[in-house]
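Reader: I'm new to reading protein models. Could you go through this one with me and explain the words you use?

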Amino acid sequence: MREALQREGAPADILQCLTKVNIPMSQALMARADLIIATGGQPMVRAAHSSGTPAYGVGAGNSTMIIDETADIQEAALNTRLSKTSDFGSGCSADGNLIIEASIFDKLLAQLQLEGGYLANDEEKAALRAVMWDEEAHRLPDTVAIAPQQLARAAGFSIPADRKFIIVHGDGIGKEHVYSSEKLTTLLAVYKYKGFDQALQLMRAIYEVGGKGHSCGIYSFSREHIHALALAAPVSRIMVRQPQSKANAGAFNNGMPMTSSLGCGTWGGNIVSENVHLKHYMNTTWVSVPIKEDKPSDEELFGSFYDPVLEAEVETATT
């Protein structure tokens with residue numbers, strides 16, 4: 001990257017890296033910087049905010065899609081595959097959980113398999129759990145961001161070479177149910193719901209496990225369902241009928257600011273809920289000159305609480 005900068009006539013030192021990474025060195029670097037963009041989870045974000053340097057933090061993901069009875073099943077399955085397989089599912093925006101309406105559940109599951117999904121059985125699901133999380137539910141690094149064939153092999157079984165991702169049936173939602181947490185690899189969990197209120201209930205429960213503030217999505221042509229999700233979801237961005245990991249961070253057809261840093265607001269312990277992009281790296285100077293006064297009347301300000309008699313008494317007392 002430094003060589004490429006020099007070829008373009010830019011100073012190589014625009015880009016610098018710690019070659020021996022440790023906590024004291026990271027703390028020293030943050031203390032000497034002008035601005036910090038902190039990724040990597042809450043400990044890193046907290047360290048950045050306590051460094052004395054202005055910092056933007058971004059939170060963890062656990063992207064969850066609701067697929068209702070009005071969805072285009074082929075579109076939903078295709079976009080799920082595109083999102084789940086991008087960078088081997090390592091992105092925080094990659095689909096982790098699908099909440100599917102019961103009337104279309106079997107059809108969608110079949111379409112996901114046509115898109116390259118492999119549906120794990122109960123024994124395979126248990127074996128995958130053992131290689132993805134330890135006994136205290138900490139995510140193990142060796143199975144992060146790997147092809148589904150490698151993931152299956154690590155768990156002691158094999159899957160066909162043409163499979164693109166692995167599907168497991170969710171066995172519950174909560175801290176004790178690790179498949180409802182962030183996966184960071186080519187595996188997703190599916191859940192069945194009846195009635196949109198239950199879909200919202202499952203969605204809320206998933207974000208209590210992890211990923212608050214980050215993102216969710218919906219495959220629906222019902223404006224009522226889309227609006228209800230927007231009011232209920234504790235997230236900063238909701239993608240409608242889009243491949244989540246390719247849409248959250250900005251696309252030419254959705255207007256999201258292009259970035260790789262997604263602020264999660266106070267839900268995720270961040271200062272902003274926006275996509276952190278160019279404007280956040282720039283200082284702005286505001287120049288103010290007098291303008292015609294634009295001041296609401298007391299009646300407009302206080303509405304039904306405005307009492308002209310009381311106002312007159314206050315003005316008399318002041319005079």
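Reader: Thanks! What makes β8 largely enclosed by the rest of the structure?

Author: Keep in mind that this is a predicted model. A residue is called buried when its relative accessible area is under 20%. In β8, 7 of the 7 residues are buried, so the rest of the structure largely encloses this strand.

Reader: How do you know that β3 and β8 pair?

Author: Pairing takes at least two bridges between the strands. β3 and β8 have 4 bridges and run in the parallel sense, so they pass that cut-off. Thr-64, for instance, has Cys-216 in β8 as its bridge partner. On to β9: 5 bridges join this strand to β8, again parallel, and Gly-217 is matched with Met-239 in β9.

Reader: Why is the link from β8 to β9 called a right-handed crossover?

Author: The chain goes from β8 through α9 to β9, a β-α-β crossover that is right-handed. The name fits because, with the strands pointing away from you, such a path runs clockwise.

Reader: What does α9 touch on the sheet?

Author: Helix α9 (residues 223–232) packs against β3, β8 and β9, and its direction makes about 170 degrees with that of β8.

Reader: What makes β5 and β9 the edge strands?

Author: Each of them pairs on one side only. The open sheet has 7 strands in the order β5-β6-β7-β4-β3-β8-β9, with parallel pairing.

Reader: And how many bridges link β4 and β7?

Author: Those two pair in the parallel sense over 5 bridges, and Leu-98 stands opposite Val-190 in β7.

Terms used: Residues are numbered from 1 along each chain as its sequence is written. This is a predicted model: local features need pLDDT of at least 70, side-chain atom pairs count only at pLDDT 80 or more; totals for chains, interfaces and linings use all residues. Side-chain values use heavy atoms; hydrogens and water are left out. Contact means heavy atoms within 4.5 Å. Axes are lines fitted to C-alpha atoms, for helices over the stretch in contact, and angles run from 0 to 180 degrees between N-to-C directions. Buried means under 20% relative accessible area, exposed over 50%, partly exposed in between (1.4 Å probe, protein chains only).
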